[in-house]
Amino acid sequence: MAEKFPKKTVVIVGGGAAGGGLARDLSKKLDASLYNIVLVNDRTFYVHLIAMARIAVSGEDKLEDKALFGFDKLFYNGNGTVKIGKAVAIAEAGVGKGGELVLEDGERIPYTSLVLATGSTWPSIIQLPGTESEAKTYINSWRSKVEKAQHVVVVGGGAVGIELVGEIREAYPKKKITLIHSQDLLLNSVYPDKYRKDIERRVRIRNIDVILGDAIENPVEGVTGVTTKNGKSIPDADLVIQAFGSKPNTEFVKSLGDGVVNEHGFVKVNEFLEVPGHPGVFAVGDIIDWKEQKQAAKANTHIKVVAANVLSFLQGKPLKQKYKGSAEMILIPLGKSGGAGYLSILWGIILGDWLSRTMKGKDLFVSMARTQRGLQG
């Protein structure tokens, strides 16, 4: 017999820091007798991306055993389900009337409210395949490449590239390493020059060569010897690692209509983190079109806003919780022994080796991520 009042369903696409965190938060707040929560993810497991630079380089700590984990403990009281699949389209039933999420295998998942949290595609060294067994094979392949290389060249001096060279140096104290960055200082202009120069100094004192204002436009693995865009020859380079070029996973979101994503693929949102013109459709995490650095650390603030607004939407109430942005902060470990961080508060605070090592370098927040998802640290 059909239910007199069918349950309303919240579908969350993407089980990363923002999407998985939101699913867990809503599972605590929504009455299971009235609401369904469905988390759709294209991998069978969660990837703690913050740890991936270390995992890709060294197996010494077997960090992957804790940093890659399933969703079985994600929901409070089991109040939610996980569907493994790839979203390919969104079919709206009408403005504010819900719709269906269409998966690659043809399955259609009805929703009352939809949250887009699909994150980014990352450089290949930290972009894992879909199952845990495939992922561990992939990780071992990269570790082997790094171990065998005599001279590793990392292209891209953002946070990923800087962390990679730090982890390679930690694992291989005598290996030749070069970091190439297209700008005149590491990172980007969101951060003050004093911090960008400080992290460069810390990289260099670890006997890592740094080439600034230059690039290798199409890094190719498996070649010996490379030449930069400005003509600098690095003849003994035998492993080139691309550490730039992340982009939002939002191709399927375009099916919502013209103008939903911007020219760079980011999802347009209003102050409620709702997609304009599509009531009940929200976005969180790396994919939102918001002037801020894309970082997992901002996920909790996004979650707070969207959780409140999903609840309001489901109850037929006006949205009230507004997103006002997040302070810029970054903490870049250079292996386990140090690094540097920056907080955009007061006059701008730079954190050194001790705080970097204590706060992040030790276990890269793996224990915290596990605890936040109902697992033992």
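**Exercise 1.** How far apart do the C-alpha centres of domain 1 and domain 2 lie?

*Solution.* Begin with the division of the chain in this predicted model: the domain assignment gives domain 1 as 8-42 + 85-122 + 246-315, and domain 2 as 132-245 + 328-372. The C-alpha centres of these two domains are 31 Å apart. Turning from the centres to the contact, ten residues from domain 1 and ten residues from domain 2 take part in it.

**Exercise 2.** Describe the area that domain 1 and domain 2 bury between them, and state which three residues of domain 1 supply more of its share than any other three.

*Solution.* The two domains bury about 650 Å² between them, and 36% of this area is on carbon and sulfur atoms. On the side of domain 1, Ser-246, Gln-293 and Gln-295 account for 59% of the area buried against domain 2, which is more than any other three residues supply.

**Exercise 3.** Characterise the polar and charged interactions across the interface of domain 1 and domain 2.

*Solution.* First, the rule finds one salt bridge across this interface. Next, consider Glu-328 and Lys-298, which form a salt bridge whose closest N and O atoms are 3.0 Å apart, a distance that satisfies the 4 Å cut-off. Six residue pairs are also found in polar contact across the interface, both residues of each pair being at pLDDT 80 or more. By class, the side of domain 1 that touches domain 2 comprises one nonpolar, five polar and four charged residues.

**Exercise 4.** Which residues does the UniProt annotation "domain: FAD/NAD(P)-binding" cover?

*Solution.* According to the unreviewed UniProt entry, this annotation covers residues 9-297. In the model, the end C-alpha atoms of that span lie 27 Å apart, and the span is 22% helix and 24% strand.

Methods. Residues numbered from 1 in each chain as written. Predicted model: local features only at pLDDT ≥ 70, side-chain atom pairs only at ≥ 80, totals over all residues. Heavy atoms only, no water. Domains from an automatic or database assignment. Contact = heavy atoms within 4.5 Å. Buried area = accessible area lost by both parts, 1.4 Å probe. Salt bridge = Lys/Arg side-chain N within 4 Å of Asp/Glu carboxyl O. Polar contact = N/O pair within 3.5 Å; in protein donor to acceptor, adjacent residues only side chain to side chain. Nonpolar A, V, L, I, M, F, W, Y, C, P; charged D, E, K, R; others polar. UniProt positions renumbered as here; feature names shortened; annotations may be inferred. Helix = DSSP H or I, 4+ residues; strand = E, 2+ residues; numbered from the N terminus.
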